[in-house]
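Here's a quick tour of a two-chain model. Have a look at the fold first, then read on.

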Amino acid sequence: MKTRAEAERLAIDTGILVNLGFYVSISIIFAILALGFNLQWGYTGLFNAGIAGFFLIGAYTAAIAITPPTPPSTGYPGHLGGFQLPLAVGALLAMAMSGLAAALVALPTVRLRADYLAIATLAFAEVVRTVALNLEPVTAGTIGIVGIPHILTFSGPDAAFLNAATDVGVGAAILAGLFLGLHFILESPWGRVLRAVREDEEATMAVGKNTFRYKLQVFAIGGALMGLAGWLFALTLLYIEPSGSFAPAITFSVWVMVIVGGAGNLRGAIAGAFVIYGLEWLSVQLKDVAPDFLKDSIPYIRLMIVGALLIILIIYRPQGILREKKRVLR
Amino acid sequence: MEHREILRVGRVRKAFGGISAVDDCSLSVSPQSVTGLIGPNGAGKSTLFNLVAGLYQPDEGEIWFNETRIDGRPPFEIVHLGLTKTWQIPHELRNMTVLENLVLAAKHNAGEHLLNLFVRPGQVRRDEKMWRARAREILKLTQLDALANEHAKGLSGGQKKLLELARALMTDPTLVLLDEPVAGVNPTLAANLMDLIEKLRQGGRTFFLIEHDMNVVMNRCDRVIVMHQGRTIADGTPASVKANPLVIDSYLGG
């Protein structure tokens, strides 16, 4: 029989692991967003400022698809849903909806110059978020969607640990799959056209490429990846609401991740996500141990560190931590 | 206009804001010729090239390439018909290697279609291998083979001009529009480049080039067209154009 002290120590240990697992899970979600943005901007030069919008569409589509019917309760307005579809179907629907939204946004805007594309997509994301805030019958408005199931259901004292482990395992498997899949399509003649569009779209047209088609494809695929990240986010947090999780700040974080990690290569985007979200996670952890006078300023110190890191990198290593490699053809 | 001309531009007009860059311009280019296009700065020569290549849409007029009307068509379609252009200021793909710059320009490469990567992997491999070999041939021809795996941004100005031509040749064009191919290129290299163009012409290609180097224009072109204020003011053999008072007045100077 375990002594009480041992049991307590174990609980603390798994508590740390659950916490670390949360860090890894959220980092993976950011990494998927960063991979989507890196595909659009790092490879193709399309500056998407509406990442949060595609992320939101994926998260809400998934939540509506997979959540069981909400039992009637006072104060909760309810939302569209109760379909209780399998999780994989939820993932496919999330990707399809976000990908479709991205393609529709891209149709009129992707021909615009980079700065105008940024303005148009930023506006799109805010429109989407405002709709989510106000379309109560579908999204439950400001309260958001609750009761999203875990990936697997566990019970008992280890449930929290097992849930965290499942989230990390599923996330890591998806990230690995995306890494391999994206590597395959990007290091191909198709991917070469994308890099050419980034370098000089006019010249790419003048050697016979239908650049519009490539840009449309890339926007849709990137959007679908952001939708997949939304699905994973819903399953990890079990609860989504429009104001915080899908604010423009999410988009800005993903930019920083790709710039810091290194654009135009897959490992850079992933590394950037783990580093930049790591700083946020650390700042939350430090809150418990920091001296009183520092506690309230920690989030701001984090922002200062991120800002300084960004400036230093842009000056001394503009390619990011991991730089794009030269492709030597044989 | 003679119907057998490879390129026919008929009464084309293009204005930017209130300024007519190309104004009621008509001209034609004969197959397998080296035709020069000269004229003072701002005459509309580069704009005309952009109109022919489909990068700009004309406000009025028609452009025919062989039997096909090409005005209003997107640039990639025009390239596929066999018409390519290069730029006065090289548009090299900076962070890609010289070899990548060339292989990219191949006309039909199965791997450039996303779906083919999954459903026709064999064809993708074969095409890529074939085009890399072809790119290496063209690099030899343009004396860039030693730089195949260098980033294009590392090339000198003259080498970038060669890269422009090499990349244009990868599209297997029948008509190449060259915007100042030897500007900024040292005399030896320029001579080599023009020799190469002559050799390619004998192989069946047609060149239409903007050039300010009168040596090149007078000695290398079969025919010279002169533009001034958006329209053609002279068209004929180099000797006849050189003697034309209108041309002397507006461009060559007395």
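Chain A comes to 14 helices and zero strands, where helices (H or I, at least four residues) and strands (E, at least two) are DSSP runs numbered from the N terminus. The radius of gyration of chain A, taken over C-alpha atoms, is 21 Å, close to the 20 Å from the globule rule (2.2 Å times the number of residues to the power 0.38) for 330 residues, so chain A is as compact as a globular protein of that length.

This is a predicted model: local features need pLDDT of at least 70, side-chain atom pairs count only at pLDDT 80 or more, and totals for chains, interfaces and linings use all residues. Residues are numbered from 1 along each chain as its sequence is written, while chains are lettered from A and ligands numbered from 1 in the order written.

Now for chain B, which an automatic or database domain assignment splits in two:

| Domain of chain B | Residues |
|---|---|
| domain 1 | 7-92 + 173-252 |
| domain 2 | 94-154 |

Their centres, taken over C-alpha atoms, are 28 Å apart.

Chain B also has an open, antiparallel sheet of four strands in the order 2-1-4-5; strands pair if DSSP finds at least two bridges between them. Strand 2 (19-29) and strand 5 (68-69) of chain B sit at the edges with a single partner strand each, so one side of each lacks a neighbour in the sheet. Seven bridges tie strand 1 (residues 7-16) of chain B to strand 2 of chain B, and V12(B) has C25(B) as its bridge partner there.

Where the chains meet, 32 residues of chain B are in contact (C-beta atoms, placed from the backbone, within 7 Å) with 23 residues of chain A.

Terms used. Contact = placed C-beta atoms within 7 Å.
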